[in-house]
Amino acid sequence: MSTESQIQSFRTTYAALRGEIAKVIVGHDEIVAHTLIALFAGGHVLLEGVPGLGKTLLIRTLSEVLDLGFNRIQFTPDLMPADILGTNLVMESDSGRREFQFQRGPIFAHLILADEINRATPKTQSAMLEAMQEKQVTAGGELRKLSEPFFVMATQNPIDQEGTYPLPEAQVDRFMLKVTVDYPQRDEERVIIERMSGDPLPPARPVVTPELILQAQQTVRHIYVDSKINDYVLDLVFTTRFPGQYGLRELESLIAVGASPRAGINLIAAARAHAFMRGRGFVTPEDIKQIAPDVLRHRIITTYEAEAENISSDHIVQRILDYTEVP
């Protein structure tokens, strides 16, 4: 089957997928869409928002409709790396001999919910690095492969809240997208209140199998990207590093560290998935512009001057998008 026919055959599946999610989740359409973009692009998602906005419910609903093995890890200050990866335990065999056996940790699943990831210490957070990048873990003295597809969705409270630790830069960079979850609209919140105060929510039925997800990921890799799109992405990324050289001298004092090379790689991958979910076999500049804020916001480190002026990385990304010439 050609790439184009695979894209069109997936449209019906995608509509059913969104329909099942909507049975449980009210609103958050863009957040749901960008989460699925990361899934089909083979990346991971960091959801940030204050407690009570439905981040955990969204992830649990996704695990049901995607028919994936699901584990939730509640990150707390006393959580240790072995609690995530697993450890060797002394067990008694049938013959009565004592021997070490590896007991797998919750990381061994298709879909991982890293709940309130920034409430654990940086040492524990770093236990996720190898798993997220290489889809394997070194535990119990051996290298162990993880199941595919492997997808981490982490929730994070705003870092100025009590009892949180900033995520290490290397950890943050492993997330393809950082999605900001905001309060629902008034009419959406009315529906939420009615649903939650009435009968139990209807269960979401499985729509997509792991095999279909892997097939979709393979199709996404073959979405066409023109060389002009690649140049456009490079312009965006390099402007975050050298704004003065690209005509935005006013940003030089606001950016401490620009986006890493992983930003450009993830921006192309996410744009491919964005085009795929809209039934196209090619990437347009609009795909890049739609997904760029979620790809870049956590990869730009602002200066103290920017913080003093209340200028966030979102403002900087939008300024770059507005200024950079579109092919």
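## Strand 1 and its partners

Strand 1 (residues 45–48) is joined by 4 bridges to strand 8 (residues 151–156), and these two strands run parallel. In this predicted model, strand 1 is also joined by 4 bridges to strand 9 (residues 177–180), and this pair runs parallel as well. Residue L47 can be used to follow both pairings, for L47 stands opposite T155 in strand 8, and it also stands opposite V179 in strand 9.

In a regular strand the side chains alternate between the two faces of the sheet. Strand 1 can be read in that light, since V45 and L47 point one way from the strand while L46 and E48 point the other way, and all of these residues are buried.

## The protein as a whole

The secondary structure of the protein comes to 14 helices and 11 strands. Its radius of gyration is 21 Å, close to the 20 Å that the globule rule gives for 327 residues, and the protein is therefore as compact as a globular protein of that length. Along its principal axes, the C-alpha trace spans about 75 × 45 × 45 Å.

Of the 327 residues in the protein, buried residues make up 50%, and the accessible surface comes to about 15,900 Å², with 50% of that surface belonging to carbon and sulfur atoms. Among the contacts between residues at least 6 apart in sequence, 76% join residues that are at least 24 apart.

## Nonpolar cores

Which residues have the most contacts inside the largest nonpolar core? This core has 70 residues, and those with the most contacts inside it are L36, F40, L47, L66, F276 and I288. Helix 11 (residues 261–277) gives the largest share of this core, namely 10 residues. Apart from this core lies another, of 27 residues, which includes L79, A109, I112 and F175.

F40 serves as an example from the list above: when its neighbours within four places in sequence are left aside, F40 is in contact with F10, L17, A216, Q217, V220, A273, F276 and M277.

## Helix 14

The buried residues of helix 14 (residues 313–323) are S313, I316, V317, I320 and L321. They cover an arc of only 135 degrees around the axis, which puts them on the same side of helix 14. These buried residues pack against helix 10 (227–241), strand 10 (255–257), helix 12 (285–296) and strand 11 (301–302).

## Strand 7 and the loop after it

Is R144, which lies in strand 7 (residues 142–145), buried or exposed? R144 has a relative accessible area of 16%, and because a residue counts as buried when this value is under 20%, R144 is buried. Leaving aside its neighbours within four places in sequence, R144 is in contact with F102, F108, Q136, V137 and A139.

The loop between strand 7 and strand 8 holds P149, and a cis peptide bond joins E148 and P149, with omega at about 0 degrees.

## Positive phi values in two loops

E116 has its place in the loop between strand 5 (111–115) and helix 5 (122–125), and its phi is near 50 degrees, a positive value in a residue other than glycine. With a relative accessible area of 22%, E116 is partly exposed.

K135, in turn, is placed in the loop between helix 6 (129–134) and strand 6 (136–139). The phi of K135 is near 55 degrees, which is again a positive value in a residue other than glycine.

Key. Residues numbered from 1 in each chain as written. Predicted model: local features only at pLDDT ≥ 70, side-chain atom pairs only at ≥ 80, totals over all residues. Heavy atoms only, no water. Buried < 20%, exposed > 50% of the residue type's maximum accessible area, 1.4 Å probe, protein only. Contact = heavy atoms within 4.5 Å. Core = buried A, V, L, I, M, F, W, Y, C linked by side-chain atoms within 4.5 Å. Pairing = 2+ DSSP bridges. Rg over C-alpha atoms; globule rule 2.2 N^0.38 Å. Areas by Shrake-Rupley, 256 points an atom, 1.4 Å probe, with all protein chains shown as cover. Arc of directions from axis to C-beta.
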